[in-house]
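Take a short walk through this structure. Keep the sequence at hand as you read.

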Amino acid sequence: MALRGGTRFAVRFEDVFPAGCALVPESLGEVEDYDEKTGRRSPAKDKVTGQRVWQVRVMDLDPELGKRSRETTVKISADYQPVPPSGAPFEAVEFDGMTVTPYVANNGRMAYSLRATGLRAPVVGGKKAAT
């Protein structure tokens, strides 16, 4: 079996963020594509679903990270801009429909991008957590 570049693998939120994650304030926004020929920017479209692409920065709350960087970006494919559950700074969130796409970065190291189909308040014990 050959894997092509850009292959997305489904992952569970709990496997990516075992201790959860929190939104970085005011980091949710639309991704734009840049056309070098015209110098124009346009809303990015997901190559698989055709939906618009949004991105949000989150802080990984895993204490095992130690001094390593905790901030990462998750791209969300959705027809409309996702809305954070409460809008509070550094609020905890979870992502639905997560995928990971591994790739080799410019420095030759393995890297990956995270995507999701939505974001919501965390679920604790079968119920939404208080926000």
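Is Phe-95 buried or exposed? Phe-95 has a relative accessibility of 3%, so it counts as buried. The cut-off explains the label, because buried means under 20% relative accessible area. Bear in mind that the model is predicted.

Now look at the aromatic rings. The whole structure holds 2 aromatic pairs. In one of them, Phe-13 meets Phe-17, with 5.5 Å from centre to centre. Their planes stand 40 degrees apart, and the pair is tilted. Both partners, Phe-13 and Phe-17, are buried. Phe-13 also pairs with Phe-95. Here the ring centres are 6.4 Å apart and the planes meet at 45 degrees, so this pair is tilted.

Where do these two rings sit in the chain? Phe-13 belongs to helix H1 (residues 13–16), while Phe-95 belongs to strand E8 (residues 92–96). The pair therefore ties together parts that are 82 residues apart in sequence. Phe-13 is buried, at a relative accessible area of 8%. Through ring pairs, Phe-13, Phe-17 and Phe-95 are linked into a cluster.

Next, turn to Val-53. This residue lies in strand E6, which covers residues 53–60. Val-53 is buried, and its relative accessible area is 2%. What does Val-53 touch? Leaving aside residues up to four places away in sequence, its contacts include Glu-30, Val-31, Ala-44 and Lys-45. Asp-46, Lys-75, Ile-76 and Arg-115 are also among them.

Finally, set Val-53 beside Leu-65. They are 12 residues apart in sequence. In space, their C-alpha atoms are 28 Å apart.

Key: Residues numbered from 1 in each chain as written. Predicted model: local features only at pLDDT ≥ 70, side-chain atom pairs only at ≥ 80, totals over all residues. Heavy atoms only, no water. Helix = DSSP H or I, 4+ residues; strand = E, 2+ residues; numbered from the N terminus. Buried < 20%, exposed > 50% of the residue type's maximum accessible area, 1.4 Å probe, protein only. Contact = heavy atoms within 4.5 Å. Phe/Tyr/Trp six-rings, centres within 6.5 Å; stacked < 30°, edge-to-face > 60°.
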